[in-house]
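Please explain how this chain is put together, going through its sheets, the helices that pack on them and the places where the backbone does something less common.

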Amino acid sequence: MDRSLIGIDVRMWNHSGIGRYLRELIGALSALGDDHRYSFLGAGRDRAQIRHFFPNAGFKESSASIYSPREQKELFDFSKTVNLLHVPHFNAPLFCSSKLIVTVHDLIYLKEARFSGFFAGKLYAQALFRGIQANADAVIAVSDFTRKDLLKSFPKLEGKVTVIHESASANFRQHANPLVLRAARERFGLFSPFVLFVGSFKAHKNLPVLLDAFEGIQKKSGAKYELVLAGKKDPKEKKLLRRLQSMPRVRCLENLGDTSLFELYHLAEALVLPSLWEGFGLPVLEAMSCGTPVLCSDRSSLPEVAGDAALLFDPERADHLEELLTQTLQDSRLRQKLSSKGLERASHFSWEKAAQETLNLYEKVLSP
């Protein structure tokens with residue numbers, strides 16, 4: 001068996017966060033044109049898309065649900081066919097026959113009781129992380145924040161964790177055609193200046209603080225602005241969803257592709273990301289790549305990603321966000337400054353760099 005056969009778990013190819021990571025990484029790895037052979041474990045419906053990047057790669061079809069006991073058997077069986085297995089999430093195999101690399105995006109379900117979900121799920125996640133500590137040859141953390149967080153809980157991983165930053169997709173680095181943007185504004189019906197949020201409506205995204213700040217601005221500006229929330233609603237957040245129904249100048253847009261998000265970034269006065277917890281925070285770099293001013297929380301990985309190119313605020317103080325957002329909306333020179341600094345900041349991140357660093361780690365783990 002060729003010792004350079006690398007297996008990648010792509011079962012979450014069509015998910016939002018992990019799926020984005022997989023799609024961008026696989027595309028960038030294919031562009032490197034390295035000499036390694038690849039094999040993929042994924043859903044049959046995704047075979048053609050993956051073969052587009054690696055036409056000669058092996059592909060094993062998976063039918064197991066994510067986080068199910070059956071996925072453990074599938075991952076173990078797949079590991080017996082490759083020399084190195086890369087799993088893009090913490091649902092890594094507890095038993096592995098090959099070398100193992102795991103990407104960890106965040107530890108939110110272990111570290112924050114407010115966002116950890118079901119108790120049984122938390123126990124399963126703890127078992128999986130203990131398995132990573134015992135079995136992984138290397139771990140990729142998508143931010144230094146995640147690396148430090150991981151080592152606090154699993155200190156035996158010291159020396160095994162490598163930080164490899166994500167990046168905005170090339171889809172957000174294109175030139176914006178004014179005629180296309182004008183058509184998009186009409187299609188969305190967004191004729192007033194608006195503030196944009198991109199992400200799910202889950203509890204850790206902290207949308208109530210953004211809504212409080214926006215209501216404060218509305219009262220003082222005479223309903224001049226709109227707020228656009230682009231992301232997937234969470235049915236568990238019933239109180240939030242009821243509140244949104246009572247706010248006429250708040251628009252919720254779901255199931256948007258990159259083209260629509262690109263247009264919204266360019267049309268928005270600013271992006272606001274009030275999250276209490278982010279493993280990385282891709283919308284920050286997506287917005288910056290489009291030249292959109294960014295205001296984001298000063299928690300978790302967001303200051304690391306944003307650098308000095310965004311306005312940072314305390315995500316538990318709506319008055320702090322209201323003050324900074326009002327200043328941004330009223331000061332065109334500030335918006336231009338943030339736009340310029342954001343474009344420069346985003347240029348430091350790329351999927352090409354991430355893919356090369358990932359390949360370097362593959363080769364390090366595979367070396368005798």
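**A walk through two sheets and their helices**

In this predicted model, V228 stands opposite R251 in β10. That pair belongs to the parallel pairing of strand β9 (residues 226-230) with β10, where 4 bridges join the two strands. On the β8 side, β9 again pairs in the parallel sense, here over 5 bridges, and V195 stands opposite L227 of β9.

These strands are part of an open sheet of 6 strands, arranged in the order β10-β9-β8-β11-β12-β13 with parallel pairing. The edges are taken by β10 (250-253) and β13 (311-313), each of which has a single partner strand, so one side of each is left without a neighbour in the sheet. Averaged over this sheet and with direction ignored, neighbouring strands are turned by 20° against each other.

How many of the residues of β9 are buried? The count is 5 of its 5 residues, so that the strand is mostly covered. In a regular strand the side chains alternate between the two faces of the sheet. In β9, E226, V228 and A230 point one way while L227 and L229 point the other way, and all of these residues are buried. Part of the surroundings of this strand is helix α8, which lies across β8 (194-198), β9, β10 and β11 (270-273) and runs at about 165° to β9.

The loop between β10 and α10 holds N255, a residue with a positive phi of about 55° although it is not a glycine. With a relative accessibility of 80%, N255 counts as exposed. For helix α10 (residues 258-267), by contrast, 8 of the 10 residues are buried, so the helix is largely enclosed by the rest of the structure. The buried residues of α10 are D258, S260, L261, F262, E263, L264, Y265 and L267, a list that includes charged side chains such as D258 and E263.

Y265 also appears in the largest nonpolar core, which has 67 residues; together with L196, L229, V284, M288, L295 and L321, Y265 touches the most other members. The largest share of this core, 7 residues, comes from helix α8 (residues 207-221). For M288, leaving aside residues up to four places away in sequence, the contacts are with V294, A306, A309, A310, G342, L343, R345 and A346. A second core, separate from this one, has 31 residues and includes I18, L29, F40 and I140.

Several of the contacts of M288 lead to a helix pair. Two packed helices are described by the angle between their axes and the distance between the axes. For helix α11 (residues 282-289) and helix α14 (residues 332-346), the angle is about 115° and the axes are 7 Å apart, and the crossing is left-handed. On the α11 side the contact is made by L285, M288 and S289, which meet G342, L343, R345 and A346 in α14. Sorted by class, this contact has 4 nonpolar, 2 polar and 1 charged residues.

The other sheet described here is also open and parallel, with 7 strands in the order β3-β2-β1-β4-β5-β6-β7. At its edges stand β3 (58-61) and β7 (161-163), each with a single partner strand, so one side of each is left without a neighbour in the sheet. Neighbouring strands of this sheet are turned by 20° against each other on average, with direction ignored. Within the sheet, strand β4 (residues 84-87) pairs with strand β5 (residues 99-104) in the parallel sense over 4 bridges, and H86 has I101 of β5 as its bridge partner.

Helix α3 (residues 69-79) packs on this sheet and touches β1 (5-9), β2 (37-42), β3 and β4, its direction making about 165° with that of β2. Helix α6 (residues 144-153) lies across β5, β6 (138-141) and β7, and runs at about 165° to β7.

Between β3 and α3, the loop contains Y67. This residue, Y67, has a positive phi of about 70° although it is not a glycine. Is Y67 buried, exposed or partly exposed? Its relative accessible area is 38%, so Y67 is partly exposed, since that class lies between the buried limit of under 20% and the exposed limit of over 50%.

Notes. Residues numbered from 1 in each chain as written. Heavy atoms only, no water. Pairing = 2+ DSSP bridges. Axes fitted to C-alpha atoms, helices over the stretch in contact; angles between N-to-C directions. Contact = heavy atoms within 4.5 Å. Core = buried A, V, L, I, M, F, W, Y, C linked by side-chain atoms within 4.5 Å. Buried < 20%, exposed > 50% of the residue type's maximum accessible area, 1.4 Å probe, protein only. Left-handed = near helix turned anticlockwise from the far one by under 90°.
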